[in-house]
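Q: Please take me through a close look at one part of this structure, and then set that part in the context of the rest of the chain. I would like a connected account rather than a list.

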Amino acid sequence: MSLREFWEGRVERYREKVYLYFRDQKITYGELDRKANQVANGFLELGIRRGDRVCLLLSNRPEFLYVWFGLNKIGAIMVPINLALKEKEIFYILRHSEAKAIVLEKEEGDLFNKRMKKECPNLQNVIVLGDSLSEAIRFTTWLDRQEELLDPLPIGEEEDAVYVYTSGTTGIPKGVMLSHRTYTLTGESYAHMVGIEPEDRVMTANPLFHINAQAYSVMGSMAAGASLILIEKFSASKLWEQAKQYQATKLVLLLAIAHILYNRPESEKDRDHSVRKVIAGGAPKGHFRDFERRFGIRLQTIYSLTESPLAIMSPREGESKDGGLGLPMTHPDARIRNEVMILDKDGEVASPFTVGEIVIRNPAMMKGYFKDEILTSETVRSSWLYTGDSGFRDEEGYFFFTGRMKEIIRRKGENISALEVETVINRHPKVLESSVIGVPSPSGFGDEEVKAYVVLKSNEHLPYHELLKFLTQELAPFKIPRYLVYRTDLPKNTMGRVLKEVLRQESSDLMEEVFDREKER
């Protein structure tokens, strides 16, 4: 089933029901569909056709959904861009995706108005939410002149729907190609695993440019015919108050947010809400039950990747194991199979409690990496997705995470290339070399922090704050190392390669002679 068929089927059934709560707006299924149709007609007017890519640089707001749904209704492809990325990273995605248009917010307009046409030869249209810039299209004016009805267009479920760019081991972002089927199957599976019903209100502050909010909050709520409460930006002090205000029943969090909530001082308002279930990457390590008792909820954990949003969750009912990932997600249609295995160093299925690589196979996996057949063939072998994550399963088939096998650091739901961070650090004129690793975050459950070991050139002095200021010019905030260590040299093998395993062994003494920017704020 294509996303257009999926959405329009829900609209036909729930047309007058409120789908989206945003600020003081209440947008019904029918209203959302009419706006999406107008956007679709607008893109057709601009010459956007099946298979064309359109970038979105938007925060959490209804227009994000209008544009996403509108594009997929005509077979075009949405390319969401992380708002934290810097100019260089944004322009790489624009060029690599060969985007023909971009939709962005007013405050970003000046940057693109000056450079886009020159640096992005495929880009034909810039659409701005807010006052129109020269040569830019004003979104509201453009939308208002479009018809609310859209001509039918058959779209296959295997066609590309969204390209999500995520960091790779080479430091160059990878465009993960996700099909219409990826989203429909994942949304249905998520609603089934969580137990979302039509009367539920699913609330999230997770960014819509992230696969988490797209595949789970949006698709999960729509699959169930439920309502979505979209929060513009996460606020730890306001979250439970917002949940009470909107009468949220299900709350979708990133792991880092769960950790932030738990570390706040306890309050009588911790249970003053209507939320019955929280779905997150986990709870603070060792405090799974404490988290549930304190906030008066049931916690479900989830493990997934952009390459396979349909992956592992703790069971909807029954016992969830503290520190565990869960079991393979199931779909309400038993014919849809999701298989997860642990492979040992010889590529054989590992016995219980033996650590190996987590591999996944299901029909909702990515189609591959855009314009990178080699990396695709390395990642997907014999229809199995090799995650690059290590773990084990117990005798009951419950999966546990133990670490990363690739040079990718996963922090607060984002993938970070160690090589990219090293390259930027090494550009500083006072730096001789560096090595970057991921170290366990205090939040546990596989979340990591970035730690950089830096060797300065002879007789140079570089205060930590000065280096951090340099890094902020080229790296998104989530990529900047939390921990910095200056050394006179780095451990290397006979070929001159840095022995990161040695650095990881040394990283257990994190607080010893280590600069922690979180504590220096």
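**The nine-stranded sheet and its surroundings**

A: In this predicted model, nine strands form an open sheet with mixed pairing, in the order β2-β1-β11-β10-β12-β13-β14-β15-β16. The edges are held by β2 (25-28) and β16 (327-328), and because each of these has a single partner strand, one side of each is left without a neighbour in the sheet. As a general point, the strands of a sheet pair through backbone hydrogen bonds, and they may do so in the parallel or the antiparallel sense. Within this sheet, β13 and strand β14 (residues 298-305) run parallel and are joined by four bridges, and one point at which to locate that pairing is Lys277, whose bridge partner in β14 is Arg298.

Helices lie across this sheet, among them α7 and α9. Helix α7 (residues 180-194) lies across β12 (250-252), β13, β14 and β15 (308-313), and its direction makes an angle of about 20° with β15. Helix α9, in turn, lies across β1 (18-22), β10 (201-204), β11 (227-230), β12 and β13, running at about 155° to β10. The strands β12 and β13 are thus crossed by α7 and also by α9.

Thr184 gives a residue-level view of α7, the helix in which it is placed. This threonine has 4% relative accessibility, and it therefore counts as buried, the cut-off being under 20%. Leaving aside residues up to four places away in sequence, Thr184 touches Met1, Ser2, Leu3, Phe6 and Met219.

Helix α10 (residues 255-263) belongs to the same discussion, since seven of its nine residues are buried and the helix is therefore largely enclosed by the rest of the structure. Those buried residues are Leu255, Ala256, Ile257, Ala258, His259, Leu261 and Tyr262. They pack against α9 (239-246), β13 (277-280) and α11 (288-295), so that β13, a strand of the nine-stranded sheet, is one of the elements that these buried residues meet.

Helix α2 (residues 29-45) has 17 residues, and the distance from its first C-alpha to its last is 24 Å, close to the 24 Å expected at 1.5 Å a residue. The helix is mostly covered, with 12 of the 17 residues buried. Tyr29, Gly30, Leu32, Asp33 and Ala36 are among the buried residues, as are Asn37, Gln38, Val39, Ala40, Asn41, Gly42 and Phe43. After α2 comes Gly47, which has a positive phi, near 90°.

Elsewhere in the chain, strand β23 (residues 408-411) and β24 run antiparallel and are joined by four bridges, and one of the pairings sets Ile409 against its bridge partner Ile416 in β24. The two strands form a hairpin with two residues between them, and in that turn Lys412 has a positive phi of about 50°. Strand β24 (residues 414-417) is covered on both faces, with Glu414 and Ile416 buried on one side, and Asn415 and Ser417 buried on the other.

There is also an open sheet of four strands, again with mixed pairing, in the order β25-β26-β27-β28. Its edges are β25 (431-440) and β28 (515-516), each with a single partner strand, so one side of each lacks a neighbour in the sheet. The pairing of β25 with strand β26 (residues 448-456) is antiparallel and extends over nine bridges, and here Gly438 stands opposite Val450 in β26. Helices lie across this sheet as well: α13 (residues 418-426) lies across β25 and β26, at about 150° to β25, while α14 (residues 464-471) lies across β26, β27 (483-487) and β28, at about 120° to β27.

Stepping back to the whole chain, there are 16 helices and 28 strands, and 60% of the 521 residues count as buried. A compact globule of 521 residues would have a radius of gyration near 24 Å, and the 23 Å of this chain therefore agrees with that expectation. The C-alpha trace spans about 65 × 55 × 50 Å along its principal axes. Among contacts with a separation of 6 or more, 69% are between residues 24 or more positions apart. The chain exposes about 22,100 Å², of which carbon and sulfur atoms supply 48%.

Conventions:
Residues are numbered from 1 along each chain as its sequence is written. This is a predicted model: local features need pLDDT of at least 70, side-chain atom pairs count only at pLDDT 80 or more; totals for chains, interfaces and linings use all residues. Side-chain values use heavy atoms; hydrogens and water are left out. The expected span of a helix is 1.5 Å times one less than its number of residues. Buried means under 20% relative accessible area, exposed over 50%, partly exposed in between (1.4 Å probe, protein chains only). Two strands pair if DSSP finds at least two bridges between them. Contact means heavy atoms within 4.5 Å. Axes are lines fitted to C-alpha atoms, for helices over the stretch in contact, and angles run from 0 to 180 degrees between N-to-C directions. The radius of gyration is taken over C-alpha atoms; the globule rule is 2.2 Å times the number of residues to the power 0.38. Accessible areas come from the Shrake-Rupley method with a 1.4 Å probe; for residues, only the protein chains shown count as cover.
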